[in-house]
Amino acid sequence: MVILIFILGYLFITLENLFSLNKVIPSILMATTCWSLIMLFNLPVYEFGQHLIIKKDPKYLLLLHLGKASEIVFFLIGAMSIIAVIERFSGFEALRELFYTNTKRRFLWIMSLASFLLSAIIDNLTATIVLISLLRKTVSNYKERLYYLGSVVISANAGGVWSPIGDITTTMLWISNKVTTIHLVKKIFIPSILCMFISTLIASCMPVFNGTFQVKKNELSKDNINKGFFMLKVGLFLMLLVPIFKTITGVPPYMGMMFSLGILLCVVKKYKSESVLSIDDIFRKLDFSSILFFLGILLSVSSLESLGKLYSLSHWINETVSTWKITTFIFGLISSIIDNVPLVAATIAMFSYPIDHDLWHFIAYVSGTGGSIFLIGSAAGVAAMGMEKIDFFWYLKKISWIALIGYISGFIYLLIYPFFSL
């Protein structure tokens with residue numbers, strides 16, 4: 001019964017546009033129903049350690065998994081709050097000062113690099129939303145803007161996979177102690193660059209990027225631009241400080257993110273006389289529907305984990321597929337169709353490979369970049385589709401094949417990386 005509820009909930013999440021139902025609704029209903037059935041029928045649940053399988057009380061396991069999920073939730077709240085402060089001071093708007101160019105092709109490369117680098121710090125979803133807002137003010141031709149957006153989605157997803165704070169799935173792997181910052185960057189940075197570079201290179205050969213155009217002048221005053229740049233630099237620096245803070249002190253990542261938020265709010269006090277910014281203003285900007293969605297998904301997956309279903313599935317996969325590298329490649333293709341958050345959550349629960357095992361680095365890469373192949377395969381793509389009304393089949397025809405080539409190019413590098421390290 002629990003599995004059936006999970007499948008139905010997952011179906012509603014995947015087809016949210018068809019049912020016109022926000023995915024947070026099936027997510028939280030799925031989580032509460034699954035755990036309610038476990039307790040109502042007193043189903044046997046287990047805690048799976050490295051070498052032990054221990055039968056536990058359902059209430060204890062629910063509390064345990066709620067604690068793990070809360071680490072990600074509070075990490076997201078801290079990150080979203082920092083971004084809200086930067087936006088309040090027009091930090092992202094000030095970025096337009098860097099976009100001046102007179103050719104479409106050069107502007108494409110600037111946008112790709114900007115989305116690649118920004119997503120590694122503020123996450124791929126936020127980077128996409130920021131750049132869509134900037135593109136609306138710089139590229140007036142709607143059809144041309146769609147091609148730029150396709151490149152932004154690919155580059156943002158590629159940029160998010162090599163940073164522990166760049167993609168929610170990578171953050172999940174990091175917080176779950178599956179990867180460390182140094183090894184993640186070492187293994188995934190070059191594949192992600194290849195994915196972005198080759199995709200952008202192919203796109204730049206399209207006729208739509210021939211010719212010249214003039215980027216519109218920024219309407220912000222010089223003083224506001226300087227203030228925006230300052231808050232942008234401080235905010236990005238504090239977010240980059242989170243992995244360093246964890247490495248030095250050993251505290252969980254969400255504590256580092258909250259520490260960075262506290263420091264940024266202290267900096268904001270400097271401008272309070274010029275522009276009042278209350279804590280309530282910040283929290284009104286937070287996307288609580290996304291936060292509840294992640295919480296529902298993580299608790300739903302934890303119910304299957306506690307019942308031992310994911311443990312059994314991992315054994316079946318290991319016996320059926322000859323190597324986990326093929327498994328990860330398939331997972332990447334699957335992530336282009338369904339949401340990669342539950343996919344990675346299930347993967348974390350299914351496999352017990354040690355920290356920094358190559359499987360986790362492959363999962364980090366494929367779950368993010370694979371989501372670019374179809375528009376619905378990533379949060380960045382879904383955001384672009386909603387904000388700019390991009391047609392799914394237009395993306396499939398014009399952009400998907402470029403994203404697939406980029407995805408494969410980075411995956412090939414991961415396969416041959418061991419030969420370079422000999």
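**Packing of helices 5 and 10, the core and Ser367**

Guide: Helix 5 and helix 10 are oblique to each other (35 to 65 or 115 to 145 degrees). This is a predicted model; local features need pLDDT of at least 70 and side-chain atom pairs 80 or more, while totals for chains, interfaces and linings use all residues. Numbering starts at 1 along each chain as its sequence is written, and side-chain values use heavy atoms, without hydrogens or water.

Visitor: At what angle do helix 5 and helix 10 pack?

Guide: Helix 5 spans residues 104-122 and helix 10 residues 222-249; helices are DSSP H or I runs of at least four residues. Their axes, fitted to C-alpha atoms over the stretch in contact, lie 9 Å apart. The angle, on a scale of 0 to 180 degrees, is about 60 degrees.

Visitor: Which residues of helix 10 meet helix 5?

Guide: Contact takes heavy atoms within 4.5 Å. Helix 5 brings Leu118, Ile121 and Ile122. Their partners in helix 10 are Leu236, Met239 and Leu240.

Visitor: Which helix gives the most residues to the largest nonpolar core?

Guide: Such a core joins buried (under 20% relative accessible area) Ala, Val, Leu, Ile, Met, Phe, Trp, Tyr and Cys through side-chain atoms within 4.5 Å. This one has 122 residues; Ile122, Met172, Met239 and Tyr365 touch the most other members. With 11 residues, spanning 58-88, the top contributor is helix 4.

Visitor: Which side chain makes a polar contact with serine 367?

Guide: Serine 367 lies in helix 17, residues 358-369. Its relative accessible area is 2%, so serine 367 is buried. Beyond four places in sequence, serine 367 touches Ser335, Asn340 and Val344, among others. At 3.5 Å, its side-chain partner is threonine 169.

How values were computed
Buried means under 20% relative accessible area, exposed over 50%, partly exposed in between (1.4 Å probe, protein chains only). Helices (H or I, at least four residues) and strands (E, at least two) are DSSP runs, numbered from the N terminus. A polar contact is a pair of N or O atoms within 3.5 Å; within protein, one must be able to donate a hydrogen and the other to accept it, and residues adjacent in sequence count only if both atoms are side-chain atoms.
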